[in-house]
Amino acid sequence: MKNLGVGVVGVGAIGKLHCQNYASSVPGASLVGIADVNAPAAKEIASSLGVTAVYPDYRQLIADPNVDAIVVATPPFLKKDILLAAAEKQKHVFCEKPMTLSLKDADEMISAVQRSGIRFQVGYQKRSDVSFIHARKAIESGEVGKLMLVRAHNRDPPTTVGGWSADPAKSGSVFLDTCSHDFDAIRWLTGSEVTRVSADGSALMYDELRKNGDYDTVVVNMRLSNGAMAQVDACGWTPYGFDSRSEIVGTEGGIIVGMGEKTLSHVYQNGRISNEKHAYWGSRWAQAYRDEMVSFVKSIVTGGTPRATIQDGKAALEIGLAAWQSAKSEKLVSLPLK
Ligand SMILES: NC(=O)c1ccc[n+]([C@@H]2O[C@H](COP(=O)([O-])OP(=O)(O)OC[C@H]3O[C@@H](n4cnc5c(N)ncnc54)[C@H](O)[C@@H]3O)[C@@H](O)[C@H]2O)c1
């Protein structure tokens with residue numbers, strides 16, 4: 001059978017990783033084209049991977065007859081139009097999170113996906129991470145009993161912020177851009193919906209975020225439909241570097257999903273014990289980024305359900321919007337949103 005031709009729209013931080021995976025590590029699929037408004041960036045990654053079809057406009061990529069599916073890795077505020085254009089041409093879509101910025105847009109996207117019959121998967125890669133899969137199996141098999149508490153921490157090292165990611169009108173805020181990974185993971189792990197959210201945030205280190213009303217440090221508390229509680233935090237200035245951990249507590253036991261140490265060796269030296277850890281998210285989630293694409297391709301070839309569906313994308317979006325509303329109003333917000 002012919003390999004599935006995949007094109008990537010947006011070759012920034014995450015788009016590049018997706019290009020590399022499709023160029024070498026996803027069975028049954030090949031990287032056949034790239035589109036980015038940043039021509040030098042597109043050319044650089046294309047030439048390093050031997051791709052000749054490079055476009056400044058995503059519509060040209062979508063129209064390319066060699067392209068069967070696209071990966072959308074642009075800033076969030078652009079994704080809806082790209083999905084609508086792809087659905088019109090019957091091209092399958094893998095869309096990075098958050099899939100868009102409003103519930104109205106999400107509904108428009110859902111209608112387009114249903115009308116066209118394309119496969120659509122959202123980039124919530126924790127569903128493809130071996131440690132999270134193990135945690136979910138343990139929960140499903142009853143090993144930890146009835147769930148009581150789920151917590152997730154997201155810490156990023158100091159950086160410079162700017163552009164779309166510092167503007168909540170384009171990123172959807174830290175709640176959509178960062179925390180939505182865990183809103184999705186909590187739904188997926190627990191099989192429960194979030195029914196109530198209270199959130200607060202502070203911009204302690206980044207003037208640009210403060211100016212735009214976004215936050216670098218947030219805490220989101222949630223009540224789930226099964227009665228359990230959940231909490232997600234994010235901090236964008238962690239001096240010790242990237243750190244992402246989760247914890248599940250049940251009546252019979254608990255689960256900790258750690259950072260995913262790079263090796264199991266610990267070096268003992270001068271009163272210190274050290275272990276090599278992942279320096280950034282791209283390294284921590286490398287296995288999951290590859291496997292989520294393997295499952296996306298499989299869902300296209302077999303007609304199966306994508307690992308994170310468009311409805312899952314909308315659900316995580318809704319929790320993020322509720323968190324934003326709660327932080328701004330200083331009130332508890334119930335779901336579904338009115
Ligand atoms: N799943 C994850 O773990 C993960 C990690 C990082 C980023 N993301 C998500 O991926 C998306 C992109 O993030 P990023 O950090 O790679 O951003 P980025 O700014 O590094 O890259 C975005 C790219 O999109 C390009 N672009 C902008 N407008 C375009 C257009 N109209 N057509 C084509 N290309 C266009 C830019 O030139 C840039 O190369 C965001 O939604 C982000 O939240 C997900």
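1. Let's start with helix H4, residues 79-88 in this predicted model. Its buried residues are Lys-79, Lys-80, Ile-82, Leu-83, Ala-86 and Ala-87. Looking down the axis of H4, you'll find these buried residues within an arc of 165°, so they line one face of the helix. The general rule is handy here: an α-helix has 3.6 residues a turn, so residues three or four places apart point the same way.

2. What covers that buried set? The cover includes three strands, E1 (4-9), E4 (69-72) and E5 (92-95), along with helices H3 (58-63) and H5. Keep H5 in mind, as H5 (103-116) turns up again on the side of domain 1 that touches domain 2.

3. A small backbone detail to look at: just after H4, Gln-90 takes a positive phi of about 60°.

4. Now the domains. Domain 1 is made up of 4-126 + 288-309, while domain 2 takes 127-285 + 316-334. Between their C-alpha centres there are 25 Å.

5. How many residues are in contact between the two domains? On the domain 1 side there are 21, and they meet 21 residues of domain 2. Two elements each give two or more residues to the domain 1 side, namely helix H5 (103-116) and helix H12 (286-302). Of the elements there, H12 gives the most, with five residues.

6. As for the make-up of the side of domain 1 that touches domain 2, I'd note 13 nonpolar residues, three polar ones and five charged ones.

Key. Residues numbered from 1 in each chain as written. Predicted model: local features only at pLDDT ≥ 70, side-chain atom pairs only at ≥ 80, totals over all residues. Domains from an automatic or database assignment. Contact = placed C-beta atoms within 7 Å. Helix = DSSP H or I, 4+ residues; strand = E, 2+ residues; numbered from the N terminus. Nonpolar A, V, L, I, M, F, W, Y, C, P; charged D, E, K, R; others polar. Buried ≥ 20, exposed ≤ 12 C-beta atoms within 10 Å, placed from the backbone. Arc of directions from axis to C-beta.
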